[in-house]
Amino acid sequence: MRPPLIPPQPLTLEMSDGYRVFARYWPAPSPRAAILYLHGIQSHGGWFEWSASVLASCGCTVLLPDRRGSGRNDAARGDVPNRQRWLDDVAEQLAWIDSHTRAPREIVGVSWGGKLACSYAARNPRAAGRLLLISPGVFPRVDLPTFAKFAIAVSLFTAPDREFEIPLNDPALFTRNPAGHDFISRDTLKLQRVTARFLYQSRLLDRRLWRGGDGPISQHVTALFSKSDPIIRTQETAAWLRRTCTQTPDVTEFTDSGHTPEFDADAERFDRLLREWAIGIPAGASPGTG
């Protein structure tokens with residue numbers, strides 16, 4: 001919605017299975033950090049060009065790929081072979097970053113991308129030094145109706161590539177800002193339907209995180225939440241992070257923001273927190289402040 005402070009370089013990355021992923025790239029000549037930025041389930045990298053460019057303006061190299069099957073990636077739209085493929089894509093994108101810079105690796109994850117970031121980081125303790133989680137979707141508030149869950153279960157055996165609507169098609173779920181509503185409504189690249197296989201594999205990611213199957217998160221975590229987020233269960237997610245992280249996470253809660261602070265009419269505080277995180281200043285706040 002906001003134009004990037006620095007225009008990204010478009011590029012295509014080829015994954016090990018041959019899938020070609022569109023990405024936006026902000027290289028820095030002598031970066032303080034190299035950041036992999038993971039977007040949400042319905043969104044794509046185009047939603048987060050501004051925040052990625054804020055990080056880049058602080059001297060960070062940033063890679064912002066569209067997840068396979070989303071955004072500008074038309075092949076296997078809304079689908080994934082299995083949850084390991086998402087994790088493999090993260091590993092290969094981090095390896096691509098490594099081939100271009102030796103700066104310390106860090107991961108930013110928004111909403112569903114925050115869940116993926118947690119799963120990958122827990123399994124790979126040396127993957128990144130820090131995580132920035134923005135409204136991480138570990139405990140979703142929005143769910144599919146019972147009849148849809150039944151249809152998905154049947155489809156897994158009969159037609160796993162059958163598509164179902166993502167229950168997030170109301171722009172008001174993401175932001176209270178009318179300009180943000182308009183941006184999301186007009187976005188022809190947003191992902192509105194995914195396969196039964198995608199939904200099942202996503203739920204498997206949830207369950208492993210809930211049960212601690214991926215292990216603890218040893219990286220330092222900064223998490224930004226909205227107090228009245230209609231998409232995720234904020235307090236439950238913050239409590240889970242405190243149980244799961246081996247280092248006490250820095251948790252900041254916005255009292256006047258929607259699920260996606262990128263779209264807030266006034267993004268001054270979000271801008272400041274991004275810059276402070278980029279240069280290594282801890283958030284130092286807790287839920288209930290803001």
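A salt bridge is a side-chain nitrogen of Lys or Arg within 4 Å of a carboxyl oxygen of Asp or Glu. In the predicted model examined here, Asp143 and Lys149 satisfy this criterion, because their closest N and O atoms are 2.7 Å apart. Asp143 is partly exposed, with a relative accessible area of 39%, and Lys149 is likewise classed as partly exposed, at 37%.

The structure as a whole contains 22 salt bridges. Another of these pairs joins the side chains of Arg24 and Glu49, with a distance of 2.7 Å from N to O. Arg24 belongs to strand S2, which spans residues 20-26, whereas Glu49 belongs to helix H1, which spans residues 49-57; the pair therefore ties together parts that are 25 residues apart in sequence. Both residues of this pair, Arg24 and Glu49, are buried.

A salt bridge within a single helix is found between Arg186 and Asp182. The distance from N to O in this pair is 2.8 Å. Both residues lie in helix H5 (residues 178-186), where a separation of four residues corresponds to about one turn of the helix. Arg186 is exposed, at 63% relative accessibility, while Asp182 is partly exposed, with a relative accessible area of 38%. Salt bridges also link residues into a network, whose members are Asp17, Arg68, Arg85, Asp89 and Glu92.

Cysteine pairing was examined next. A search of the whole structure yields zero disulfides. The sulfur of Cys118 has its closest cysteine sulfur in Cys245, at 7.0 Å. A disulfide requires the two sulfur atoms to be within 2.5 Å, and the separation of Cys118 and Cys245 is therefore too far for a bond. Cys245 accordingly takes part in no disulfide, the nearest cysteine sulfur being that of Cys118. Both cysteines are classed as buried: Cys118 has a relative accessible area of 0%, and Cys245 has a relative accessibility of 9%.

The surroundings of Asp66 were also examined. This residue lies in the loop between strand S4 (60-65) and helix H2 (83-98). Although located in a loop, Asp66 is buried, with a relative accessible area of 0%. When residues up to four places away in sequence are not counted, Asp66 touches Val21, Phe22, Ala23, Arg24, His39, His44, Gly45, Gly46, Gly71, Arg72 and Asn73. Among these contacts is Arg24, the residue of strand S2 that forms the salt bridge with Glu49.

Technical notes. Residues are numbered from 1 along each chain as its sequence is written. This is a predicted model: local features need pLDDT of at least 70, side-chain atom pairs count only at pLDDT 80 or more; totals for chains, interfaces and linings use all residues. Side-chain values use heavy atoms; hydrogens and water are left out. Helices (H or I, at least four residues) and strands (E, at least two) are DSSP runs, numbered from the N terminus. Buried means under 20% relative accessible area, exposed over 50%, partly exposed in between (1.4 Å probe, protein chains only). Contact means heavy atoms within 4.5 Å.
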